Amino acid sequence: DNNALSNGKEFLLQKLEMSENLQDLSLILTTLESLTKLMSSEKLRRCTRNLYLKRCENITEVIIPYSCMKQMVNLERLEIRNCRNLKFMTVQKSINDYYTGFQNLHSVTITDCSMIDMNWLVYVPNLESLHLQGCKLLKNVLCDDEIVWDYENYGKIFCKLRSVILFDLPE
């Protein structure tokens, strides 16, 4: 809790952004401010291999611009844990964007969040492992027929999925 990113401080991310030799980055973020800093830096997005959002009580919605998602070319693992107020995670795209998404993301773990759906997973074409636990409001993994239908015209949804863990999802 007393690390360089706590209490909205972004000092460490600013230092990392200035590093000339940074190539591989794993981050544990706990504030909206640090997530915003990550999303505003092309260099940090490109270097991020593992991203963990933990105990982000002040985050209720994450909107990922499509251009940012495309630049996260090295992201392999995403974990969102104990972000109890997080209800929506969406990808913001334009008409001209294609469904290429998070090309190297293969593992997604989401626990103890308030997400209502996981429609953004259509942008994870190489997903191999999905772990959803304690998401009390989750009713459907994919529920937006337009997004799903549109995506199926460009690729396959969950075609590489090998492991699914669904636990404590009362809805």
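Buried residues are those with under 20% relative accessible area, exposed ones have over 50%, and partly exposed ones fall in between (1.4 Å probe, protein chains only). The model described here is predicted, so to speak of its local features a pLDDT of at least 70 is needed, side-chain atom pairs count only at pLDDT 80 or more, and totals for chains, interfaces and linings use all residues. Residues are numbered from 1 along each chain as its sequence is written, and side-chain values use heavy atoms, with hydrogens and water left out.

Strands are DSSP runs of E of at least two residues, numbered from the N terminus. In strand S3 (residues 61-65), the side chains alternate between two faces. Val62 and Ile64 are buried on one face, whereas Glu61, Ile63 and Pro65 point to the other and are not buried. Strand S3 pairs with strand S5 (residues 88-92) in the parallel sense over five bridges, where pairing requires that DSSP finds at least two bridges between the strands. Within this pair, proline 65 stands opposite glutamine 92 of S5.

Strand S1 (residues 25-29) likewise has a covered face, formed by Leu25, Leu27 and Leu29, and an uncovered one with Ser26 and Ile28. Its partner is strand S2 (residues 48-54), joined in the parallel sense over five bridges, and leucine 29 has leucine 53 in S2 as its bridge partner.

Turning to the backbone, most residues other than glycine have a negative phi. Arginine 55, in the loop between S2 and S3, has a positive phi of about 50° although it is not a glycine; this arginine 55 is partly exposed, at 48% relative accessible area. Aspartate 168, in the segment after strand S8 (163-167), also has a positive phi, of about 55°, and is partly exposed at 37% relative accessibility.

Methods
Helices (H or I, at least four residues) and strands (E, at least two) are DSSP runs, numbered from the N terminus.
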